[in-house]
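Grab a pencil and get comfortable with the viewer. Try each exercise yourself before you read its solution.

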Amino acid sequence: MSPLARWRAGVLFAMSAGALLLLALAQRAQSGYERTLAARDATAAAAYLTIVTPVARRGAGYDLPQLLIRARALEELPGFSGRFEIYHATAPLIRATAPPLGAAALQQLRREVAVRWTGEAALAPLLDRDGWDVVGAVAARADAGTWPVSTWSLGALLLLLVAGTQSLGAIGRPRHAWRQSIGPYGVVAALFGVAVFADVRGAAADATDRWLYDTRLLMQEAAARVPEIRSAPAGLATLARGAEIVPGDSGPSTAWRRAAGGAVRAAVAVRLAPGRWVELRARPGEGEAGTAVWLPVLLGLAALGPLGALLAAWSTATAPRQRRETVAAWGFLAPSALHLAAFSFAPLLLVVYVSLHRWSPIEPTRAFVALANYGRVFRDPLVWSALGRTLVYALYVPASMTLALGLAVIIGRRGSGAATSALRAFFLLPYASSVVAIALVWQWMYHPDFGLLNQLLTRAGLGPVNWLGDPKTALAAVMLVSVWIHLGYQLTVFLAGLRAIPQTYLDAARVDGANAWQRFRRVTFPLLAPVTVFVLVTGIIGGFQVLALVMVLTGGGPLGATDLIAYHIYRIAWERQQFGDASALALLLFAVLFGATWAQLKLLDRRVEYG
Amino acid sequence: MASVTLRRLAKRYDPHGRPALEEVSLEVSDGEFFVLLGPSGCGKTTLLRCIAGLEEPSAGEVLLDGRDVTRLEPAARDVAMVFQTYALYPHLTVRRNIAFGLEVRRVPAAEITRRVQQAAERLGLGTLLDRRPGELSGGERQRVALGRALVREPQVFLLDEPLSHLEPTLRSELRAELLELHRALRTTVVYVTHDQVEAMAMGQRIAVLERGRLRQVGTPAELYGRPEDVFVARFIGNPGMNLLKGRGRSTGDEGGVVDCGTWSVPVPLERYEGEIYLGVRPEHVSLVAPDQGVGAADVRGVEPLGPDTIVRLDANGQALVARLHGIPDLRPGDRVGVKLDRRQLHLFDAAGARMR
Amino acid sequence: MGNRAGRRGTLGRWVSYALALPLALLMIAPFLYMAAVALMSERDSLRPPVPEHFAAALAALPVGRFLLNSAIFSLAVVAGQVLTSATAAYAFARLRFPGRDRLFLAYLCTLMAPGVLLVIPRFLLIDVLGWVDTYQGVISTELVSVTGIFLLRQFFRTIPRDLEDAARLEGAGEWTIFWRVIVPPSRPALATLAVLAFADQWRSFLWPLVATRSSAMRPIEVGIANLGGTYAVSWSYQVASARAAVIPLMVLYFVAQKYFIRGVEETI
């Protein structure tokens, strides 16, 4: 077998495995829904029998002839889709010739009082009127399931076959040839995956609908036979387990979807008596992550074929060395790539999803609200004032940069290596230390009565200032701490930038007669421009992310005077528990910062070339 | 030991740019000391890396001892290479540097010790074995790099400008040592250099490359005595061959002249009319009284070297260099007569290819 | 002439130090303040009246547990980041494969996501995994550092390619080349990354705050943070806790200062 034939065989296997597994999975999902339906139908029928069958004159059990009649009547209910056998103890009632229920199965039911499966049938316990004892069972056969896919899916499958054959033939041909055929194959495969997913979803919806329809029939039948139920529909709750009965109006007999309480519900109108209607509501089988989990699984399986073809086509069209190098590279990248996919890229997608929902960790329902969260944070005056405050706060960056640049120029001159690095070590100390500890210490430096700052001010006769307690001074006080933290970092960066400027330029300027200020203004500063832009932009971006400092130092106060945007977002999420709003606002902030970084990169594109 | 054969080897880095190598075919015989010579950027290092397997050729084949190794990994080719930068592992001692290749190939420890010892003795590295590359001089590093290649006992040695980073005296010393080593081992060597003196001194045969194309392959004597085109003529020799542009004119019965300005140089030329290059090596130019020889020229510069003197002349607006014995009494501005050795004239056509 | 210029240079240098030195003292004043408080007796320090003392502070909060947690987090993150960054940086710096530059750009894009954005979905993620308030919950998200990959990639690119080619010729595979040719001369860069990763994790605040609930799981930064905001707690209590958080960082800073500085310089 030549390598090419081997690749083709492998791809053929991946293609068929992908398509067949997909179909098998869809079939499995659908039969799962059928089984759920059978179990629910059996439970409902058992509850129905409990409600409508009169008790025997003597003893606690049902009147057997009546039970027999009611059971047989179930078969005749028009439109009822359940196929039942009802056992009294182990004896079958509807079809007398059917085999009796196994004694062991009945024992099991007695012990567990829950739906069990025997082969293809769901076995629901039939309780006596008091609900104490299991007197029999209702067996409902699950539909074996029809052909698992719709015509749409069949069409997609046909297309898939064509595209797959095309791709199979393209393996081993030049790059542009296989690119042309594998692209469409991928699209068709995705289409097929989506079509099958739609089928699965449809099956789930259908199962819910049929269950609601059947339950409706049983409820109406019970109401017809037991008059007292008509005025007290709560008595039907055992019949409609898993759904809720709410007052309602007349409506069609088939289930429909309606929004209720921020979530979509499947509903059906039940007529208990002329003019007396209730509505039966349930979670739709297809909604609320009921089927959503299938989509990635199905799409993943659908992608198996195209990915295999891509791999094979690339492998056969690529020189062995490059292939080996690529495989090695992915080996080296695997840990970081998987980690980023799981802990960075997936969360970024998730946060977009969260931002489109009303989402709170303390509330289980998460209603889709489209862009409402964005609109709300956009209109929130507190958000705008936090943004404005953050812009003011970010002014500390140019301020401390000026200081850092001045320092760098005066201590960064030639021939003073040891002294400069000793000084730099002092300046960098706050940057290397912990923000929370810094905030704690500065809190006491700023203490209105006992703080070092006010002690000095009082001695100078300037009176104490309530630095952090006064809304007028609090932001400035936070900015001062920020300058103190970042000065050393900026100094270090500027010193490195200065070192990178060739001394010959300065010497040339000196020979040309420039004085110290002119040398700085005309030579040093322009050559430092990229470093300056970098420090400025990254500093401002950092300013938009300041959180721990204000949280510990001021808690955003007083009166919100130091409520910076990142801290504001934090509080929306973790104090107000509004994850949706917080996500929306954080994404908006992300977009702005992303734009700023992009602009900086464009600016720095014109890097200075030392020639 | 093995021969190296290249068949129409080509390499392109950029699909739209100039190829780094254009259909180079070569045959290096077993045990030969073969030199690839050319100016920087001519593709000689690319060629060497293709032989080593570090570059994959865009087309063509590489054969080692008749076996096609074009698609083989470098490790599977059994060749050793000495890099221009030596590429010594900075964190390993000399001993471990030399042993690295053997360790990777899981040669038994005792065998490694023996072979490292042997290589160290051969190269006089005995006292340096426990130092790190950072503590060695250029010449010592060069020897370690050589030792690392030697210890592998490969079929072919590939040397990429191994002496270019050394000072001139050390360079000539190591040149002799390398030749000595080659005589002792009899292994095939492919040696890359841009220095034509080095190439002439070392190569049994030399291939001259220019802009990715093979210009000429031959022994040093062939390259010097019978360059195939003007590039080789100019490149080999120091200074290179004089090339005077002129017009060839046939004078009948196997005779002809080349007219360069006011000069008419008689040459053996049949039925040729048109532009021509007249080549003559500086040592075949002699100076006579202004009214003698083929014509007169002005002295532009005099560079006494000791045994010889290089005299730069202006002959009808064309530069001409003469190499004279001793130190003649000449000054810039002097007018002299020029005589060319008629038996040592080379003729190239307008495209630069050798005639006849 | 040269003499005069020399004298002027010396004078200028003294003037510049005279300017810079007070500022430098100002920089370390809060640290001195912090240290001084521990040495001063209750009476002669400038402080509000306090009943507690340093030992009491340590007893009230499980500072020892906080410090242990911080050390565990930091060491685990250092190990993870150095390993994943080195391998990824090697692939980006040295290996050729389709889509390399685009993938690297995608890596870099994650750097721009603000921390406060990422904590929300990451919290939901570890909540699903049942990792809230566990060590793996805090550590897992921090095991890869794109900054670290960038830093090491820059360094790996300065290692001559010839070294790699030489090893390849001698029969070394990619892993051998990475492990025996690239990693050993990169020790300074790896040390820089390790020091930065340790300090950053030690100082990290937001994620541990969100991902932990019990004080048994909290690192020191989060553990002492709620001392702030009010002046209710005592001075020495607060300073003692701050000092506990800072001392390990200061020790690291003074031992590995050159790596800190290299780390800062490498970012530009």
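The exercises below all work on this predicted model.

**Exercise 1. Find out where Ser153(A) sits and whether it is buried or exposed.**

Step 1: Look for the secondary structure. Ser153(A) is part of helix H4 of chain A, which covers residues 151-170.

Step 2: Check the accessibility. A residue is called buried when its relative accessible area is under 20%. Ser153(A) comes in at 0%, so it counts as buried.

Step 3: List the neighbours, skipping residues up to four places away in sequence. That leaves Phe192(A), Ala195(A), Val196(A) and Asp199(A) in touch with Ser153(A).

**Exercise 2. Work out which residues Val535(A) touches, and how far apart Val535(A) and Val397(A) are in sequence and in space.**

Step 1: Place the residue. Val535(A) belongs to helix H17 of chain A, residues 516-543.

Step 2: Is it buried or exposed? Its relative accessibility is 1%, so Val535(A) counts as buried.

Step 3: Now the contacts. Setting aside neighbours within four places in sequence, Val535(A) meets Val397(A), Met401(A), Gln490(A) and Val493(A).

Step 4: Take one of these partners and compare distances. Val397(A) and Val535(A) are 138 residues apart along the chain, yet their C-alpha atoms are 8.5 Å apart.

**Exercise 3. Figure out which residues of chain C touch Ala437(A).**

Step 1: Ala437(A) is in helix H13 of chain A, spanning residues 435-445.

Step 2: With 1% relative accessibility, Ala437(A) counts as buried.

Step 3: Once residues up to four places away in sequence are left out, the contacts are Glu221(C), Ala242(C), Ala245(C) and Val246(C).

Step 4: For a distance check inside chain A, pick Leu549(A). It is 112 residues from Ala437(A) in sequence, and the C-alpha to C-alpha gap is 9.5 Å.

**Exercise 4. Say which helix Arg168(C) is in, and which residues of chain B it touches.**

Step 1: The helix is H8 of chain C, residues 161-169.

Step 2: Arg168(C) has a relative accessible area of 12% and is buried.

Step 3: Its contacts, not counting residues up to four places away in sequence, include Leu54(B), Pro74(B) and Ala75(B). In chain C, Arg168(C) touches Tyr90(C), Glu174(C) and Ile177(C).

**Exercise 5. Describe the largest nonpolar core and explain why it lies between two domains of chain C.**

Step 1: Get the size. This core has 217 residues, and Tyr570(A) and Phe205(C) have the most contacts inside it.

Step 2: See what supplies it. Helix H15 of chain A (residues 471-500) gives the largest share, 15 residues.

Step 3: Now the domains. Domain 1 (2-39) and domain 2 (62-267) of chain C each give residues to this core, so it lies between them.

Step 4: Zoom in on Tyr570(A). Among the residues it touches are Leu547(A) and Met551(A), along with Val116(C), Leu206(C), Leu209(C) and Val210(C).

Step 5: Look for another core. A second, separate one has 85 residues, including Ala26(A), Tyr62(A), Leu157(A) and Ala189(A).

**Exercise 6. Sketch a quick profile of chain B: how many helices and strands does it have, and what are its spans?**

Step 1: Count the elements: eight helices and 20 strands.

Step 2: Along its principal axes, the C-alpha trace of chain B spans about 80 × 45 × 35 Å.

Step 3: Check burial. Chain B has 356 residues, and 54% of them count as buried.

Step 4: Tally the charges. There are 48 positive and 48 negative side chains in chain B, with the centres of the two sets 3 Å apart.

Definitions and conventions
Residues numbered from 1 in each chain as written. Chains lettered and ligands numbered in written order. Predicted model: local features only at pLDDT ≥ 70, side-chain atom pairs only at ≥ 80, totals over all residues. Heavy atoms only, no water. Helix = DSSP H or I, 4+ residues; strand = E, 2+ residues; numbered from the N terminus. Buried < 20%, exposed > 50% of the residue type's maximum accessible area, 1.4 Å probe, protein only. Contact = heavy atoms within 4.5 Å. Lys, Arg positive; Asp, Glu negative; His and termini not counted. Charge placed at Lys NZ, Arg CZ, Asp CG, Glu CD. Core = buried A, V, L, I, M, F, W, Y, C linked by side-chain atoms within 4.5 Å. Domains from an automatic or database assignment.
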